[in-house]
Structures are given as structure tokens and as C-alpha cells.
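Visitor: I'd like a close look at one part of this model, the aromatic side chains. Could you walk me through them?

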Amino acid sequence: RKTIIKSPWVNHHIDKVEFPGGRIADQHHILEHDAEAVAALITNEQNEILMIQAYRYVTDSIEWEIPAGLIDPGEAIIDAGKREVFEETGYETSGVKLFYTYHPMNGISNKVFNIVRGKALARTGEFDVNEVKSVTWHTPETIKQMIADNTIKDGYSLTALLLHLLQT
């Protein structure tokens, strides 16, 4: 293993790997993440889905997403999901439960994404305007149309929304 970058966000290693069939890759790039992430799919009494618009530097775009972020050291997945919803939308939540866990790039990364689902309570806070442009509610029909129109481009949000829509 040769470490290229080590940071609080991501470590980049190059490993020499022998695959089960015997092939050897002299330079297999690995992105190692110390922290898991959580995204929260939150609905209201009308079954609308809570969405945010967030600026993304890498793609230089404002994207529709569900609230999400890193899980702090020692923090439970559910607590992290509730915290992210409050920080990014100002909404309190109830009935938050783990919905799905997956590896978004399992060929090159150990990153773990967790999706939680729950219900919105009162909006008791404000969102961080440096992180979020707007907070809105969307019907499942509107979400389906946004997906069909390629308006939602965030893989984390797409995965959560499609899994949710499969079960409703």
C-alpha cells in the first residue's frame, strides 16, 4: 500500500491486489473513508417528501437532494439523521428508523451510506444559508417527474427516493 493523500475527509491509497482469479493489479486505487454518511427521507402528514436545494462546488450546480451528511464519531445513525434534518431544514422529526445501508462505490471505496426514514414534526429552527438554498415539500408524483426529467442528479437522494417509491 502506498498512501497518496491522508485527510479528515478521505484517504487515497494505491494497493497491489491479487484478485480471486489470479489477475494482479499493480495499482488499484482505493478511497478510504473513516466516517459513514446518513441521508434522511422525511415525509409530512400529506405524504410529501422533504427536499433541499444545495450548491455543489464540484459540479458547480444547485441540486435537489434529501438532507444528508457525515455521521460524527460515536454518533448513532438515527441521531445523525435527525441532526442532519434539523441542521439543513429546521424540522424536528419522529419515528426515524434505519431504512437501507449500502456501498455506493464498492469497487474503489469503503464508503458506507445509510438511509433513514421518518416523519416531520414542527419546524423549530432555521437552515444554514451557507449550506442550503431552499427547503421544500414535494409530492411523490412531483418526485417521479423530477426523476424522469433528470432534475434530481444526486445518487444518494435518487437511491433513497426510488427505494421509498417502490414501497409506497
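Visitor: Which residues form one aromatic cluster?

Guide: Keep in mind that this is a predicted model. The cluster is made up of Y100, Y102, F113 and Y156, and the structure holds five aromatic pairs. Let's take two of the pairs, both involving Y156. With Y102, the ring centres are 6.4 Å apart and the planes stand at 80°, so this pair is edge-to-face; the angle cut-off for that label is over 60 degrees. In sequence the partners are distant: Y102 belongs to strand β8 (residues 91-102), while Y156 belongs to helix α3 (residues 155-166), 54 residues apart. Both are tucked away from the probe: Y102 has a relative accessible area of 14% and counts as buried, and Y156 is buried too, at 8%. Now look at how F113 meets Y156: the centres are 3.8 Å apart with the planes at 15°, so here the rings are stacked, since planes under 30 degrees apart get that name. F113 sits in strand β9 (residues 113-123) and Y156 in helix α3, so this contact ties together parts 43 residues apart in sequence. F113 is buried as well, because its relative accessibility of 15% falls under the 20% cut-off. So Y156 in helix α3 pairs edge-to-face with Y102 from strand β8 and stacks with F113 from strand β9. One more ring deserves a glance, this time for a charge: the charged end of R117 sits over the ring of F99, 3.7 Å from the ring centre.

Definitions and conventions. Residues are numbered from 1 along each chain as its sequence is written. This is a predicted model: local features need pLDDT of at least 70, side-chain atom pairs count only at pLDDT 80 or more; totals for chains, interfaces and linings use all residues. Side-chain values use heavy atoms; hydrogens and water are left out. Rings of Phe, Tyr and Trp (its six-membered ring) pair if their centres lie within 6.5 Å; planes under 30 degrees apart count as stacked, over 60 as edge-to-face and the rest as tilted. Helices (H or I, at least four residues) and strands (E, at least two) are DSSP runs, numbered from the N terminus. Buried means under 20% relative accessible area, exposed over 50%, partly exposed in between (1.4 Å probe, protein chains only). A charge sits over a ring if NZ of Lys or CZ of Arg is within 6 Å of the ring centre and within 35 degrees of the ring normal.
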